[in-house]
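Open the model in your viewer and keep the selection tool at hand. The tour below goes stop by stop: what to select, then what is there.

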Amino acid sequence: MALDALILGLLDLKPMTGYDLKKTFDGTVAHFWSADQAQIYRTLARLERDGLVDVRVIPQPGKPDRREHRLTDEGRASLTAWLRSPLPDDRPREPFLGRLFLVGRENDPELVRVLLAERRDAALRLLATLEGIPVHDGDLATRLRSATLRNGIREVQAELTWLDELEAAL
């Protein structure tokens with residue numbers, strides 16, 4: 001349901017095509033929720049089928065028609081219901097930590113070094129991406145969106161500090 005709600009929330013900001021939605025997704029919420037283009041299109045189709053979004057076809061001379069998705073009143077109500085619902089008890093899944101937990105069985109320090117280096121490289125790429133997203137002041141909604149970005153940056157920075165400590169300990 002979270003992906004549905006995030007898509008509804010982004011469409012609440014403005015109507016978008018699936019392509020525009022993926023770009024917006026990657027530039028706004030990707031630091032805490034991932035979705036590939038196929039997932040977004042499948043979710044949009046389901047939201048349309050369920051009456052939560054409407055599609056407006058916009059002809060474009062010499063190009064394929066744009067399929068712009070907009071929230072319906074039912075979609076806004078669904079988003080509001082999700083926002084007001086109790087938070088679920090999330091249990092994070094982290095494949096990297098699963099590998100780290102078990103990699104000692106191989107008794108191969110080089111394998112551990114590679115695993116940690118790959119994680120550090122991924123964290124540094126993510127940090128650069130997040131730090132490239134502008135932070136805005138403004139109304140409450142804008143400040144809260146910026147707060148999620150700062151949270152993502154702090155999480156990556158904390159992970160990099162933890163990786164430093166782990167490598168020093170090993």
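**Stop 1: serine 78**

Select serine 78 and leave aside its neighbours within four places in sequence: it is then in contact with Met1, Leu8 and Leu52. Keep in mind that this is a predicted model. Serine 78 lies in helix 4, residues 73-84. Now add aspartate 4 to the selection. Serine 78 and aspartate 4 are 74 residues apart along the chain, yet their C-alpha atoms are separated by 9.5 Å.

**Stop 2: helix 1 on helix 3**

Select residues 2-13 for helix 1 and residues 37-49 for helix 3. How far apart are their axes, and at what angle do the two helices pack? The axes are 10 Å apart and the angle is about 80°. Helix 1 is therefore roughly perpendicular to helix 3. Show side chains next. From helix 1, pick Leu3, Asp4, Ile7, Leu8 and Leu11. They meet Gln39, Ile40, Thr43, Leu44, Arg46 and Leu47 of helix 3. Colour the residues of this contact by class: 7 are nonpolar, 2 polar and 2 charged. Leu8 of helix 1 takes part here, and Leu8 is also one of the contacts of serine 78.

**Stop 3: helix 2 on helix 3**

Keep helix 3 and add helix 2, residues 18-28. The axes of helix 2 and helix 3 come within 10 Å and cross at roughly 125°. The two helices are therefore oblique to each other. The crossing is right-handed. On the helix 2 side, the contact uses Gly18, Tyr19, Leu21, Lys22 and Phe25. On the helix 3 side, select Gln37, Ile40, Tyr41 and Leu44. By class, the residues of this contact are 6 nonpolar, 2 polar and 1 charged. Ile40 and Leu44 face helix 2 in this contact, and both also appear in the contact with helix 1.

**Stop 4: the hairpin**

Move on to strand 1, residues 53-60, and strand 2, residues 63-71. In which sense do they pair, and over how many bridges? The pairing is antiparallel, over 7 bridges. For one rung, select arginine 56: its bridge partner in strand 2 is glutamate 68. Then go to the turn. The hairpin has 2 residues between the strands, and glycine 62 takes a positive phi near 75°.

**Stop 5: the N-terminal domain range**

Widen the selection to residues 7-80. An unreviewed UniProt entry places "domain: Transcription regulator PadR N-terminal" there. Over this range the chain is 53% helix and 23% strand. The end C-alpha atoms are 13 Å apart.

**Stop 6: the C-terminal domain range**

Switch to residues 93-170, where the unreviewed UniProt entry places "domain: Transcription regulator PadR C-terminal". Here the chain is 78% helix and 0% strand, with end C-alpha atoms 24 Å apart.

**Stop 7: helix 6 on helix 7**

Select helix 6, residues 109-131, and helix 7, residues 140-169. They pack at an angle of about 155°, with axes 10 Å apart. That makes helix 6 roughly antiparallel to helix 7. Their crossing is left-handed. Helix 6 brings Leu116, Arg119, Arg120, Ala123, Leu124, Leu126, Leu127, Leu130 and Glu131 to the contact. From helix 7, residues in the contact include Leu149, Gly152, Ile153, Val156, Gln157 and Leu160. Across both helices, the contact residues divide into 12 nonpolar, 2 polar and 6 charged.

Conventions:
Residues are numbered from 1 along each chain as its sequence is written. This is a predicted model: local features need pLDDT of at least 70, side-chain atom pairs count only at pLDDT 80 or more; totals for chains, interfaces and linings use all residues. Side-chain values use heavy atoms; hydrogens and water are left out. UniProt positions are given in the numbering used here, feature names are shortened, and annotations may be inferred rather than shown by experiment. Helices (H or I, at least four residues) and strands (E, at least two) are DSSP runs, numbered from the N terminus. Axes are lines fitted to C-alpha atoms, for helices over the stretch in contact, and angles run from 0 to 180 degrees between N-to-C directions. Angles under 35 degrees count as roughly parallel, over 145 as roughly antiparallel, 65 to 115 as roughly perpendicular and the rest as oblique. A crossing is left-handed if the near helix is turned anticlockwise from the far one by less than a right angle, and right-handed if clockwise. Contact means heavy atoms within 4.5 Å. Ala, Val, Leu, Ile, Met, Phe, Trp, Tyr, Cys and Pro count as nonpolar, Asp, Glu, Lys and Arg as charged, and the others, Gly among them, as polar. Two strands pair if DSSP finds at least two bridges between them.
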